[in-house]
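Please open the model in your viewer and keep the sequence panel visible. The tour below proceeds by selections, each followed by a description of what is found there.

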Amino acid sequence: MAQTFVPGPVDVGELRAQVQLKYAEVATAPEKGFHFHTGRPLAAMLDYPAALVDTLPDRVVESFAGVNNPFSMGQLRPGDLVLDVGSGAGFDSILAARMVGPTGRVVGVDMTPEMRTKASANAALVGVSNVEFVDGLAEQLPLPGESVDVIISNGVINLCPDKLAVYRELHRVLKPGGRLQIADVVVQKAVPEHARADIDLWTG
């Protein structure tokens, strides 16, 4: 029997709007400081190899706000087509583009315009031309079926109320035999209904 999604009490439209506001600020004012870690200190905390991160200008790293290192689950191969779900300011996408080389390609999908603008500028700044950043939602990916070799994502799926829809989309666009390399936040206890309705807790 196919699983069905039971909508939670959160207003999805309002949640997306608040997430966009928060991450627009991370893109445009990373020096402000947030209740989560960002930038080079976070990359070091998450064990990204210094040899990779140190070659990037500050602008490329300053708006990074992930929760772990998806590349710790396996290196990408030259020629891979990679999808970065919730690509933000492009930190992981740019690293992925360097890994897959000129015969590979990376598509970053993000719903926040300020993040996509910064990601594109960051890619141009470091001379990476095999990556593009497009508008989209994790629940409705703008890619054809069975089109990507590897999907990476870093701290984004936890912000999506309909996780079943997200994973159906990941399955749809992934080639047979493809890989998921996802870093995210997972809670081990049931979240009370009133907490699930609190958008401040989602964005936090």
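Which residues lie nearest the centre of the largest pocket? Select Asn158, Leu159, Val185, Val187 and Trp202: these lie nearest its centre, among the 30 residues that line the largest pocket. Please bear in mind throughout that this is a predicted model.

**The largest pocket**

With those residues displayed, consider the space beside them: the largest pocket holds about 840 Å³. Next, colour α7 (163–173), α8 (193–196) and α9 (199–203), the elements that give two or more residues to the lining of the largest pocket. Of the lining of this pocket, α9 contributes the largest share, three residues. If the lining is coloured by class, 19 nonpolar, eight polar and three charged residues appear around the largest pocket.

**Helix α7**

Remain with α7 and select Ala165, Val166, Glu169, Leu170 and Val173, which are buried in this helix. Turn the view to look down the axis of α7: its buried residues fall within an arc of 140°, so they line one face of the helix. The spacing along a helix is relevant here. An α-helix has 3.6 residues a turn, so residues three or four places apart point the same way. Now display β1, β4 and β5 (174–183), which are included in what covers the buried residues of α7.

**The largest cavity**

Proceed to the enclosed space. Rolling a probe the size of a water molecule over the atoms shows where empty space is left. How many cavities of 30 Å³ or more are counted? The count comes to one. The volume of the largest cavity is about 510 Å³. Select Gly86, Ser87, Gly88, Asp110 and Val156, the closest to its centre of the 33 residues that line the largest cavity.

Then colour α1 (12–28), β1 (81–85), α5 (91–100) and β2 (105–110), each of which supplies at least two residues of the lining of the largest cavity. Helix α1 gives the most to this lining, with four residues. By class, the lining of the largest cavity comprises 18 nonpolar, ten polar and five charged residues.

**Aromatic pairs**

Keep α1 in view and display the aromatic side chains; the count comes to five aromatic pairs. Select Tyr23 and Phe36, a stacked aromatic pair with 5.8 Å centre to centre and 15° between the planes. Tyr23 lies in helix α1 and Phe36 in the loop between α1 and α2, so the pair ties together parts that are 13 residues apart in sequence. Are these two residues buried or exposed? Both Tyr23 and Phe36 are buried. Add Phe34 to the selection: Tyr23, Phe34 and Phe36 form one aromatic cluster.

**Two loop residues with positive phi**

Finally, select Asp47, which lies in the loop between α2 (39–45) and α3 (50–53). The phi of Asp47 is near 65°, a positive value in a residue other than glycine. Asp47 is exposed, with a relative accessible area of 63%.

Move on to Glu146, in the loop between β3 (131–135) and β4 (148–154). Although Glu146 is not a glycine, it has a positive phi of about 50°. Glu146 counts as exposed, at 53% relative accessibility, where the cut-off for exposed is over 50%.

Definitions and conventions:
Residues numbered from 1 in each chain as written. Predicted model: local features only at pLDDT ≥ 70, side-chain atom pairs only at ≥ 80, totals over all residues. Heavy atoms only, no water. 1 Å grid on protein atoms, 1.4 Å probe; cavity = no way out; pocket = protein on both sides within 12 Å on 5 of 7 lines; lining within 4 Å. Points joined across faces, edges and corners; volume = space filled by probe spheres on them. Nonpolar A, V, L, I, M, F, W, Y, C, P; charged D, E, K, R; others polar. Buried < 20%, exposed > 50% of the residue type's maximum accessible area, 1.4 Å probe, protein only. Arc of directions from axis to C-beta. Contact = heavy atoms within 4.5 Å. Phe/Tyr/Trp six-rings, centres within 6.5 Å; stacked < 30°, edge-to-face > 60°.
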